[in-house]
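Below is a short report on one protein model with a bound ligand. Please keep the viewer open while reading.

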Amino acid sequence: MDLAPFLPLTTARLTLRPFTPKDVDDMYAYQGLPEVARYLYRPPRTREQCEAAVARSAALSDWTADGDELVLAVTRTDTPGVIGETVLKCASAHARQTEIGWALHPAHAGRGYATEAATALGGLAFGVLGTHRLFARLDVENTPSVRLCERLGMRREAHLVENDLDGTRWGSEYVYAALAHELRQD
Ligand SMILES: CC(C)(COP(=O)(O)OP(=O)(O)OC[C@H]1O[C@@H](n2cnc3c(N)ncnc32)[C@H](O)[C@@H]1OP(=O)(O)O)[C@@H](O)C(=O)NCCC(=O)NCCS
């Protein structure tokens, strides 16, 4: 499916759109922070890695096959610049399983922007992409993400114990999910 006709997504306070090359510094401002990378099981991104991520987002792949990704920059309508990102990943095209993810610059946390962006992205997943089940995987210590999933109305489906290794720390994850008719749409 060609995604371009359905973008950008707009909400009361936000616009979600593909990244452009001008957004590299804005992405690096949050993806380069240790506290943002902490629960992503990878080091903070370098500026060069942000350039590559921006280029992938700007290229806007189709939504047809397992592994296809839609990465959207989150921007506020009242101020310029990118404050974070939201991601949809096609986990199974056949079973219509979609993974959702998010990251915000800490300066913009605590105001409901991630909830607003994720709600809009869930609307796209269910309303346009035909997703049957939307899920998120998060470190059990990632309390802001746990709260976000619960605010969205997702159900805690699994607690995976020490299923990943972050340096020398074993990581445990929750899987949260919602079916098409369950996720909050407002
Ligand atoms: C996960 C992450 C996006 C959550 O950010 P967040 O700011 O907590 O989420 P929101 O933007 O939705 O804001 C919600 C908070 O703002 C408050 N809030 C204030 N105004 C609000 C409004 N108008 N609407 C909704 N919530 C509002 C909420 O009460 C909530 O605070 P609480 O959790 O203390 O109750 C952020 O912590 C982050 O980027 N983490 C690093 C990256 C990461 O770990 N990603 C996930 C990997 S799985």
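What volume does the largest pocket have? The volume is about 1,500 Å³. The model is predicted, and every value here is computed from it.

## The largest pocket

The lining of this pocket is made up of 50 residues. Closest to the centre are Leu 40, Gly 101, Trp 102, Ala 103 and Ser 145. By class, the lining residues divide into 22 nonpolar, 12 polar and 16 charged.

Which element gives the largest share of the lining? Strand S5, residues 97–104, does so with six residues.

## Around the ligand

The ligand has 20 residues around it. Those that come nearest are Trp 102, Leu 104, Gly 110, Ala 114 and Thr 115. Trp 102 also belongs to the group closest to the centre of the largest pocket.

Which polar atoms lie by the oxygen atoms of the ligand? Gly 112 places a backbone N or O atom 3.0 Å from a ligand oxygen. Tyr 113 likewise has a backbone N or O atom 3.0 Å from an oxygen atom of the ligand. Arg 151 uses its side chain: an N or O atom there is 3.3 Å from a ligand oxygen.

## Asp 23, a buried acid

Asp 23 sits in the loop between strand S2 (14–18) and helix H1 (24–31). Is Asp 23 buried or exposed? Its relative accessibility is 5%, so it counts as buried, the cut-off being under 20%.

What does the Asp 23 side chain reach? One partner is the backbone nitrogen of Thr 20, at 2.7 Å. Another is the side chain of Arg 17, through a polar contact of 2.8 Å. Beyond four places in sequence, Asp 23 touches Arg 17, Pro 18, Val 54 and Val 82.

## Leu 16 and the cis proline

Leu 16 lies in strand S2. Its relative accessible area is 0%, so Leu 16 is buried. Setting aside residues up to four places away in sequence, Leu 16 touches Pro 8, Leu 9, Leu 72, Ala 73, Val 74, Thr 86, Ala 117 and Leu 121. How many residues apart in sequence are Leu 16 and Ala 73? They are 57 residues apart, yet their C-alpha atoms are 5.5 Å apart in space.

Pro 8, one of the residues that Leu 16 touches, lies in the segment before strand S1 (9–10). The peptide bond from Leu 7 to Pro 8 is cis, with omega near 0°.

## Arg 133 and Arg 96

Arg 133 is found in strand S6, residues 133–139. Its relative accessible area is 18%, under the 20% cut-off, so Arg 133 is buried. The side chain makes a polar contact of 2.7 Å with the side chain of Glu 157. Outside the four-place window in sequence, the contacts of Arg 133 include Arg 96, Gln 97, Thr 98, Phe 126 and Val 175.

Arg 96, itself in contact with Arg 133, lies in the loop between strand S4 (82–92) and S5. Its phi is near 55°, a positive value in a residue other than glycine. Arg 96 has 44% relative accessibility, so it counts as partly exposed.

## Positive phi in a strand

Which strand holds Glu 162? It is strand S7, residues 155–166. Glu 162 is not a glycine, but its phi is positive, at about 50°. With 45% relative accessibility, Glu 162 counts as partly exposed.

## Arg 38 in a loop

Arg 38 is found in the loop between helix H2 (34–37) and helix H3 (47–59). Its relative accessible area is 48%, so Arg 38 is partly exposed. The Arg 38 side chain makes a polar contact with the side chain of Tyr 39, at 3.3 Å.

Which residues does Arg 38 touch beyond four places in sequence? They are Glu 141 and Asp 166. Arg 38 and Asp 166 are 128 residues apart in sequence, and their C-alpha atoms are 9.2 Å apart in space.

How values were computed:
Residues numbered from 1 in each chain as written. Predicted model: local features only at pLDDT ≥ 70, side-chain atom pairs only at ≥ 80, totals over all residues. Heavy atoms only, no water. 1 Å grid on protein atoms, 1.4 Å probe; cavity = no way out; pocket = protein on both sides within 12 Å on 5 of 7 lines; lining within 4 Å. Points joined across faces, edges and corners; volume = space filled by probe spheres on them. Helix = DSSP H or I, 4+ residues; strand = E, 2+ residues; numbered from the N terminus. Nonpolar A, V, L, I, M, F, W, Y, C, P; charged D, E, K, R; others polar. Buried < 20%, exposed > 50% of the residue type's maximum accessible area, 1.4 Å probe, protein only. Polar contact = N/O pair within 3.5 Å; in protein donor to acceptor, adjacent residues only side chain to side chain. Contact = heavy atoms within 4.5 Å. Near = heavy atom within 4 Å.
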